[in-house]
Amino acid sequence: MSKTVETLESVTIRFAGDSGDGMQLTGNRFTSVTAQVGNDLATLPDFPAEIRAPAGSLPGVSGFQLHFADHDILTPGDQPDVLVAMNPAALKTNLGDLARGGTLIVNGDAFTRGNLKKAAYSQDPRGDDSLGGYRVFDVPITSLTVGALSEQELSNKDKQRAKNMFALGLMSWMFSRPLEKTVAWIEDKFRSAPDIATANVTALKAGFAFGETTEMFAHSYEVAPAHLPAGTYRQITGNLALSYGLVAAAERSGLPLFLGGYPITPASDILHELSRHKHFGVRTFQAEDEIAGIGAALGAAFAGNLAVTTTSGPGIALKGESIGLAVSVELPLLIVNVQRGGPSTGLPTKTEQSDLLQGMFGRNGEAPLPIVAAANPGDCFDVALEAARIALTYRTPVLLLSDGYLANGAEPWRIPRIADLPDLSDLVQFAPSPNGDVFQPYKRDPDTLARPWARPGTVGLEHRIGGLEKADVTGNISYDPENHHHMTELRQAKIDGIAASIPPVAVDDPDGDARVLVLGWGSTYGPIHAAARRVRNAGGKVARAHLRHLNPLPTDLGEVLARYDRVLVPEMNMGQLRLLLRARYLVDVQGYNRVHGLPFTSRELAEAITGQLAALTAPATDEASP
Amino acid sequence: MTDTAAPKLSRKDFSSDQEVRWCPGCGDYAILANVQGMMPDLGVDRERLVFVSGIGCSSRFPYYMNTYGFHSIHGRAPAIATGISTSRPDLKVFVITGDGDGLSIGGNHLIHALRRNVNLVIILFNNQIYGLTKGQYSPTSELGKVTKSTPAGSLDYPFNPVSIALGAEATFVARSIDTEREHLAHVIELAARHHGTAFIEVYQNCNIFNDGAFAALKDHPEANQIRLEHGQPIRFGADHERGVVMGDDGALRVVDVADVGEDRLLVHDAHREDASLAFALSRLAHTPTGPTPVGLFRQVERPTYDGLMEQQLVDAEQRRGRGDLARLLAGSDTWTVGD
C-alpha cells in the first residue's frame with residue numbers, strides 16, 4: 001500500500017516520556033538521521049535534574065525537541081507541531097506547548113489508571129474533549145512492541161524497553177527518514193548484547209512498518225534538504241564543540257592542554273570528552289573540588305600549559321578567589337562557565353544567562369578579566385579558540401560563557417579546515433632569558449601590557465609570584481600606595497586594550513533605516529535572529545546585532561547604540577548586560593527579561609520587538625514590555 | 001637530575017635577594033636555613049625547583065628561595081602544586097604550608113594530594129597557632145587553649161598531623177623539629193628523594209603567640225624525643241633506658257626497658273606496607289608534651305599520580321597514534337553539501 005507524501009518546509013517534533021523511557025536517545029537518533037538527510041536543524045533536550053524520578057510522575061518527564069527544515073533555521077522551534085507522549089505525565093506536561101491542530105501521538109498502553117493518577121488526571125484525557133484541538137493518534141506502542149518481539153527469548157521487561165525504538169521507527173516513517181544508519185548504530189551500541197540489538201532493530205522496523213501499513217495514518221511527510229553553505233557537515237552540541245575548540249587551541253598553539261575540573265551539570269561533558277583525547281597529550285584532572293580544579297589549572301598555566309577549568313555558576317562562585325589570583329599573577333587561563341538556572345543550586349539542567357555580572361564583578365578587589373560568550377552550539381568551537389587567543393596574547397584569565405541550552409543543543413556544523421583555524425603558535429612566547437640584570441617578571445610588553453611567561457625549568461628566570469601586590473616591573477612584594485594604584489590601573493588598561501584586537505559590531509539592518517536595535521549576547525542569538533525575521537516578514541524594520549565580546553566591549557558599540565531611537569536587549573536574566581550598557585554608555589536600553597529555564601521563543605521576542613516599534617510612535621509611556 | 005659537572009652550588013645560591021621578614025626568633029628561620037642548606041646536596045638544578053605555598057607566616061617561604069616560587073591563596077597550595085607537578089614531571093615541587101593553611105582551610109586539598117601520591121614534598125610548619133592573623137587557636141592547638149578568639153578556652157579537639165597523613169594513604173610521613181638541624185635536614189632530604197607525596201610535619205616555635213609549645217621536646221630531647229630509626233628497636237632516654245613495646249591488646253606503650261627486656265622492644269619498620277603500626281606510633285603522643293616520636297614513620301613505594309597520568313598519555317598515543325585534529329573534528333557521521 002503506498003501512501004501520499006506531503007512536503008513541508010519545517011517541522012518541530014517533541015519526544016516526551018518518562019526519564020527512563022530513553023527519550024534523549026530517541027531524540028538524538030532522530031537528529032542524527034535528520035542531519036544525514038541534509039535538513040538544517042536545532043535541538044533542545046529538556047530533562048529533569050533527577051536521574052530517575054519516580055516512574056510515571058510529572059517531575060520525571062524528559063523531553064527532546066527537534067526543529068528541522070529545508071532552509072536555515074535558528075532555534076529549536078517555538079512550538080512542537082508533533083508531540084510524541086509516551087505516558088500521561090508526558091502528555092500533561094507537554095500538551096500546552098503543542099501547536100493548535102498539531103499531531104499528537106500517545107502510547108495508549110501507558111494510559112493505565114495508575115499512570116493517570118500519577119499524572120493527576122481525574123479521567124482519561126483520551127475520552128474527553130481536552131484533545132479536541134489536535135490530530136490524535138492513539139497507538140498501543142508498548143503492546144505492539146512486545147508483539148513484534150514475541151519470537152524473541154527476552155524478558156517482558158526487556159521487550160517493553162524497546163518501545164522507544166518503535167516510536168522512533170514510526171516517526172522515521174512519518175517524516176521519510178531512512179532506517180539504515182540507525183540500524184547500524186544500534187548494532188554497534190549493543191555489540192556485546194546481540195539479543196538486545198535484535199530486539200531494538202525489530203522494534204524500530206515494526207514502528208516503521210506500522211506507519212506504512214496501518215490505516216490510521218493517511219500520509220507521510222517529507223522535508224527537503226536545506227541549502228546550507230557548501231562544505232562537509234556533522235552534527236554537534238555546544239559541549240562537544242567547546243571540547244574540540246580547546247583541543248584545537250592546544251594544537252594550534254603547540255601547547256599541551258591541561259583541564260582541571262570537578263563534575264557539575266551541565267559542564268561535565270567537557271571533562272568527559274577531553275578525558276578521551278589523551279593521544280593529543282591532553283591531561284584531565286578530576287579534582288577533589290571546584291577550587292582544586294582551578295588551582296591545578298593555574299599551577300599548570302604557571303608550568304607552561306594551555307590550562308582550562310570548566311564548570312557552571314556555582315563552581316565559579318567557589319573559584320572566585322582563585323580567579324582573583326589568576327588576575328593578580330597574570331597567567332593565561334581559560335575559565336568555562338556553562339551557565340544554568342540560579343541562584344544557589346537553582347535549576348541544574350535548565351538554561352539561563354544570569355552569570356554575566358558574576359563573571360564581571362564576582363571577585364574581591366579590582367579584578368578585571370575578559371569575557372567572551374558563544375552564540376550557538378557550533379560557535380562554542382570558535383569562541384574557545386578566541387578565548388585562547390586572548391589568554392595567550394594578554395596573559396590573563398579569560399571567562400568563556402556558554403549555557404545549558406548551547407551545551408546540550410545540537411545543530412549541523414560545517415567542519416572547518418585546519419588551515420583556516422587561527423594560528424596561535426606565535427602568541428606563545430616563553431621568556432627565553434632574563435630581561436634585565438635580574439629577571440623582571442612584571443616588565444610588560446609595551447603593546448599588549450602582557451608580562452613575560454617564564455616557564456619553570458628555564459635557567460636564569462627563577463622568580464616568585466603570588467597574590468600579594470607586586471611592585472611594577474620587578475614583581476617584588478610592594479605595599480607602596482602609589483604603586484598599588486598604578487598596578488590597578490595597569491591591570492585594567494591591559495584588559496581594556498584587548499578591545500583594539502576585536503572586530504567592530506556587525507549590525508544586520510537590511511534597509512539601513514531601522515530605528516530600533518535589538519542587541520543580544522550568548523545563546524539568545526538564534527531566537528533574536530528568528531524574531532527579527534518574523535518582524536521583517538511582517539513589514540517591521542529592526543536592526544540586529546550580537547556581542548561575542550562582553551568585556552571589553554567593541555570600541556564602536558557606544559556609537560552604534562547612539563544611532564538608534566530604541567535599543568532592546570533580551571536576556572535570560574533580569575537585565576545584566578542592560579545594566580552594564582546603561583552604566584557605560586548612558587543609553588536608555590530597554591530589556592526583555594525572562595528566566596524560564598528555556599530558550600526564548602522567536603514569537604515572544606518578535607512581540608517584544610514589535611512593542612518597541614510601537615513605542616516609537618507613542619513615546620509617552622514606553623516601559624519595556626512585561 | 002644534574003648531568004653536567006657544573007660547579008657545586010652553595011646555600012647562598014638558593015637565597016633570594018628578598019629581605020626575610022619573619023619575627024626575630026621565629027622558628028621559620030631555622031627551617032629556611034636548613035632547606036637552603038640541603039638544596040646543593042639534592043642534585044636538582046635550581047631552575048627545576050618550584051616552591052608553592054598558601055597563606056600564613058610559613059607561606060612567605062618561597063619568596064626567600066632563589067628558585068621558581070608561587071605564593072598562592074589560603075589552603076590551595078597542594079592543588080596548585082598538583083597542577084604543576086602533574087603537567088611537568090621534570091620539576092621538583094615543594095609545598096610549604098602551616099597548621100592553619102594545610103589542616104584547616106586547605107585540609108581537603110592536603111588529604112587528596114596525599115592519597116593521589118603526586119610527586120610533591122609537603123612541609124607543614126606546625127606551630128599550633130595562627131600567627132599571621134595574630135594569635136587565634138589552630139586545628140592543632142591543644143584543647144582548652146586560651147587565645148583571642150577563645151577567651152574561655154578552645155573547644156575543638158586537635159588534629160594529629162601525622163595521623164591524618166597516614167590515614168590519607170600517604171606513602172611518606174615524617175616529623176621533625178625546627179631546631180634539630182641535622183635531623184630536619186636528613187628528613188627533608190629523604191623526603192626530596194621520595195617518589196610520590198612526602199609529608200613532613202615540622203614542630204615550629206612561634207615565639208610571639210605560642211612560645212614554648214614544643215619546650216618538652218626541645219628542653220628535654222633525650223627524655224621526650226623518640227627518634228624513629230628503620231630497623232632499630234624503638235628506644236630513647238639519656239641511656240636508652242626507655243622504649244616502646246606492643247602490649248597484648250595490640251596497643252603501643254612507652255616502658256622502661258629494664259622492666260620488659262630489650263627483646264620485647266618494638267623494632268621500627270618504616271617500609272611496612274600496612275600503615276597501622278606507623279599509625280599506632282603516631283598515637284603515642286597526641287600533643288607533644290611528653291615522649292613523642294620524631295623521624296620517618298612510613299615510607300613505601302606506590303606509583304605516582306603524575307607518572308600514571310604520563311603513562312596513560314604514552315599508552316594512548318601508542319595505541320591510537322598521535323591525535324589528528326582534522327580526523328577528530330570530522331568524526332564518523334558527516335555529509336557534504338555541494339555548491
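**Exercise 1. The residue after helix α6 of chain A**

Determine which residue with a positive phi follows α6(A), and how many of the residues of α6(A) are buried.

*Solution.* In this predicted model, α6(A) is followed by Ser176(A), whose phi is positive, near 55°. Turning to the helix itself, 12 of the 12 residues of α6(A) are buried, so that the element is mostly covered. Among these buried residues are Lys163(A), Asn164(A), Phe166(A), Gly169(A), Trp173(A) and Met174(A).

**Exercise 2. The span of α6(A)**

Work out what span the 12 residues of helix α6 (residues 163-174) of chain A should have, and compare it with the separation of the end C-alpha atoms.

*Solution.* The expected span is 1.5 Å times one less than the number of residues. For the 12 residues of α6(A) this gives 16 Å, and because the end C-alpha atoms are 17 Å apart, the two values agree.

**Exercise 3. Where chain B touches chain A**

Describe chain B as a whole, then establish which of its elements supply the side that touches chain A.

*Solution.* Chain B contains 12 helices and 12 strands, its C-alpha trace spans about 95 × 50 × 50 Å along the principal axes, and 47% of its 339 residues count as buried. The contact between the chains takes 53 residues from chain B and 58 residues from chain A. On the side of chain B, at least two residues each come from β2 (68-71), α2 (77-87), α4 (107-116), α11 (305-320), α12 (325-330) and β12 (335-337), and the largest share, 8 residues, belongs to α2(B). By residue class, this side of chain B divides into 21 nonpolar, 21 polar and 11 charged residues. As for β12(B), this strand pairs in the antiparallel sense with strand β9 (residues 231-237) of chain A over 3 bridges, and within β12(B) Thr336(B) stands opposite Thr232(A).

**Exercise 4. Domains 2 and 3 of chain A**

Characterise the side of domain 2 of chain A that touches domain 3 of chain A, and state which element gives its largest share.

*Solution.* Chain A is divided into domain 1 (4-223), domain 2 (234-424), domain 3 (429-501) and domain 4 (507-617). The C-alpha centres of domain 2 and domain 3 of chain A lie 24 Å apart, and 16 residues of domain 2 are in contact with 16 residues of domain 3. On the domain 2 side, α12 (313-329) and α14 (379-394) of chain A are the elements that give two or more residues, and α12(A) provides the largest share, 4 residues. The residues of this side divide into 9 nonpolar, 4 polar and 3 charged.

Terms used
Residues are numbered from 1 along each chain as its sequence is written. Chains are lettered from A and ligands numbered from 1 in the order in which they are written. This is a predicted model: local features need pLDDT of at least 70, side-chain atom pairs count only at pLDDT 80 or more; totals for chains, interfaces and linings use all residues. A residue is buried if 20 or more other C-beta atoms lie within 10 Å of its own, exposed if 12 or fewer, and partly exposed in between; C-beta atoms are placed from the backbone. Two residues are in contact if their C-beta atoms, placed from the backbone, lie within 7 Å. Ala, Val, Leu, Ile, Met, Phe, Trp, Tyr, Cys and Pro count as nonpolar, Asp, Glu, Lys and Arg as charged, and the others, Gly among them, as polar. Two strands pair if DSSP finds at least two bridges between them. Domain bounds come from an automatic or database domain assignment.
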